[in-house]
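The following paragraphs lead the reader through a protein structure, from its single unusual residues to its interior. Please keep the sequence and the model in view while reading.

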Amino acid sequence: MNTKLVVYNSWSGEKEVFTPIHEGRVGMYVCGPTVYSDVHLGNCRTFVSFDIIFRYLKYLGYQVRYVRNITDVGHLEGDADTDAEDKISKKARLEHVEPMEVVQRYSNGFHEMMDIFNTLPPSIEPRATGHIIEQIEMVQDILDNGYGYIKNGSVYFDVQKFINEKDLYGKLSGRVVEDLISLTRDNLKNQDEKEHPSDFAIWIKADPRHLMRWNSPWSVGFPGWHLECSAMSTKYLGKQFDIHGGGTDLKFPHHENEIAQNVGACGTPPAKYWLHSNMLLMNGRKMSKSEGNTITPFQLFTGDSPLISKGYSPMVVRFFMLQSHYRSTLDLTDGALQAAEKGFLRLMEATHTVKELAGAVAKESSSLDQELNEMMDGIFEDMNDDFNTPKAMARVFDLVTRINGLKAGHLSIAEVTPETLDRLQKVIPDVVFELFGLKEETGSDDSALDGVMQLVIDIRRQARTKKDWATADQIRDQLNDLHIQLKDGPEGTTWSKS
RNA sequence: GGUCGGUUGGCCGAGUGGCUAGGCAGAGGUCUGCAAAACCUCGUACAGCGGUUCGAAUCCGCUACCGACCUCCA
């Protein structure tokens with residue numbers, strides 16, 4: 001397997017061979033959530049996508065430093081110098097709690113949800129409020145380099161000057177620079193501090209009602225939204241690092257402004273590769289509160305929503321996400337989730353079945369043996385092609401069919417070499433659990449239940465021996481109502497939850 | 001309005017010049033006391049209209065529809 005990892009770089013608009021700046025190591029920064037409300041299902045998709053990327057990079061042997069921030073100050077509702085207010089400060093004011101209580105509550109909720117979705121924790125999870133000094137220093141650097149100006153205690157990034165001096169602004173998001181320049185003061189509404197509409201705040205003087213405030217050379221205030229990512233990525237990954245990720249809706253203005261800040265302060269764009277995950281849709285439209293088509297993760301799990309017919313477990317949802325590519329929009333529908341649930345259960349069953357396979361004695365490779373190896377190679381070739389999880393998943397299901405065929409005896413295990421069987425028994429769990437990050441959802445590993453089930457199966461076997469079909473069927477049907485499925489095979493009966 | 005992306009079989013969703021994924025649903029079969037599960041077989045889809053080509057779902061153009069972004073967004 002000689003293929004190399006190729007990633008789609010939003011910066012160039014092309015797929016590129018991934019070559020880390022420092023051999024063997026990868027620095028990756030992903031924009032995390034603003035913790036002013038419960039985590040949104042769309043956020044979950046983005047973080048699951050980057051979890052897969054993180055897992056695969058590690059699988060390839062890279063030493064990965066994965067930084068995902070928590071934004072707990074500076075993210076405004078509305079525009080900076082109209083009547084905008086910091087989201088967290090506003091929430092705290094309305095609920096009569098400390099801003100840090102808001103931050104703590106939703107950070108906890110976010111972590112809980114990331115855990116439920118079985119995402120690996122990042123290497124570093126820095127908070128904006130923990131890096132006020134770094135942000136102030138970066139504002140100063142930007143001012144020193146002539147890319148900022150001060151108005152009434154607030155500091156703004158001079159986008160016009162940046163455009164004129166560097167041919168960088170708008171490149172990532174495909175903005176037409178002429179349009180940005182031609183915006184006039186007529187667009188400024190009632191703003192009066194910005195010199196140009198496309199400028200943005202990097203330090204904001206706090207108005208009296210604002211609860212979050214720090215001293216700075218310019219005013220008692222707080223940092224602008226985009227600044228924390230620039231400051232923290234620079235601190236933990238350096239002025240230049242490998243991968244910067246986030247949802248595609250962050251391209252503009254967030255990432256564009258981030259690049260401007262990094263260039264303004266450090267003289268270089270921060271990341272070599274920009275990866276953007278696409279939006280989660282609900283019934284064909286971007287899930288958003290104004291559309292009324294939102295569903296919370298918990299509603300999705302419990303089924304407590306008019307948009308779905310029943311609840312779906314977190315791993316079913318994760319599996320569902322893996323069946324589409326991270327750069328495609330993904331439409332969440334009830335039917336699609338039902339299909340995912342069935343597929344997920346079949347996959348889990350196969351991870352057990354593969355362990356039971358034995359008797360591989362072939363001395364030389366048969367066509368079946370070659371086929372199995374090619375399918376396994378294919379998984380990694382697909383992952384190397386910009387983390388193509390749906391394609392890789394298709395390969396896994398090809399293998400599931402072979403595994404089931406071997407177990408059922410339709411395919412001959414004797415045609416498989418011991419080496420190939422060993423590989424299969426390693427690759428399947430590696431890919432399913434380590435790479436895709438799926439996990440078994442048995443509810444609980446209850447040895448008592450196992451014992452009870454063996455007892456029930458045994459009693460039913462006795463009934464069947466006596467051709468007491470009524471008892472046998474009653475046991476089977478009632479267990480089925482409890483979502484326990486009995487499977488009668490030539491070698492006895494097994495059970496699984498359904 | 002500007003910019004970008006999409007339109008694939010009953011549903012979801014990959015692919016992107018010839019080899020025409022996968023999941024779910026459906027049909028037939030094997031197995032089974034009957035089922036279920038599993039396995040086998042089947043369905044031949046790429047918005048429309050032109051063009052390029054020996055050959056296009058895949059490239060180009062036009063049309064239609066959908067979506068995203070355009071200083072709240074993951």
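**A guided reading of the model**

Pro 253 lies in helix H8, which covers residues 251-266. A cis peptide bond joins Phe 252 to this proline, with omega at about 5 degrees. Helices here are DSSP runs of H or I with at least four residues, strands are runs of E with at least two, and both are numbered from the N terminus.

The model is a predicted one, in which local features need pLDDT of at least 70, side-chain atom pairs count only at pLDDT 80 or more, and totals for chains, interfaces and linings use all residues. Residues are numbered from 1 along each chain as its sequence is written, chains are lettered from A and ligands numbered from 1 in the order in which they are written, and side-chain values use heavy atoms, with hydrogens and water left out.

Chain A contains 16 helices and 17 strands. Along the principal axes, its C-alpha atoms fill a box of roughly 90 × 55 × 35 Å. Of its 498 residues, 52% count as buried. In this text, buried means under 20% relative accessible area, exposed means over 50%, and partly exposed lies in between, for a 1.4 Å probe and protein chains only.

Two loop residues deserve attention for their backbone. Asn 152 is not a glycine, yet its phi is positive, near 55 degrees. Asn 152 sits in the loop between strand S7 (148-151) and strand S8 (154-157), and it is exposed, with a relative accessible area of 57%. Lys 467 likewise has a positive phi, of about 55 degrees, although it is not a glycine. Its place is the loop between H15 and helix H16 (469-481), where Lys 467 counts as exposed at 60% relative accessibility.

The charged side chains come next. Side chains of opposite charge can pair when their charged atoms come close. The structure holds 27 salt bridges, a salt bridge being a side-chain nitrogen of Lys or Arg within 4 Å of a carboxyl oxygen of Asp or Glu. One of them joins Arg 318 and Asp 51, whose closest N and O atoms are 2.8 Å apart. Because Arg 318 lies in helix H10 and Asp 51 in helix H1, this pair ties together parts that are 267 residues apart in sequence. Arg 318 is buried, at a relative accessible area of 0%, and Asp 51 is buried as well, at 1%.

A salt bridge within one helix is formed by Asp 458 and Arg 461, with an N to O distance of 2.7 Å. Both residues belong to helix H15 (residues 447-465) and stand three residues apart, about one turn of the helix. Asp 458 is partly exposed at 31% relative accessibility, and Arg 461 is partly exposed at 47%.

Arg 93 and Glu 85 also meet in a salt bridge, at 2.9 Å from N to O. Arg 93 is partly exposed, with a relative accessible area of 30%, whereas Glu 85 is buried at 7%. These two residues are linked with Asp 207 and Arg 209 in a network of salt bridges.

Which residues touch the most other members of the largest nonpolar core? They are Leu 57, Leu 300, Leu 332, Leu 347, Phe 436 and Leu 438, in a core of 99 residues. Helix H1 gives the most to this core, with ten residues. At least three residues of the core come from each of domain 1 (26-277) and domain 2 (282-435); the domain bounds come from an automatic or database domain assignment. A nonpolar core is a set of buried Ala, Val, Leu, Ile, Met, Phe, Trp, Tyr and Cys residues joined through side-chain atoms within 4.5 Å.

Helix H1 appears again at the largest cavity, where its five residues are the largest share of the lining. Among the lining residues are Arg 45, Ile 52, Met 321, His 325 and Phe 387. The cavity lies between domain 1 and domain 2, because both give residues to its lining. A cavity is a set of points on a 1 Å grid over the protein atoms alone where a 1.4 Å probe fits but cannot get out, and lining residues have an atom within 4 Å of a point.

Technical notes: On a 1 Å grid over the protein atoms alone, a cavity is a set of points where a 1.4 Å probe fits but cannot get out, and a pocket is an open set with protein on both sides within 12 Å along at least five of seven lines; lining residues have an atom within 4 Å of a point.
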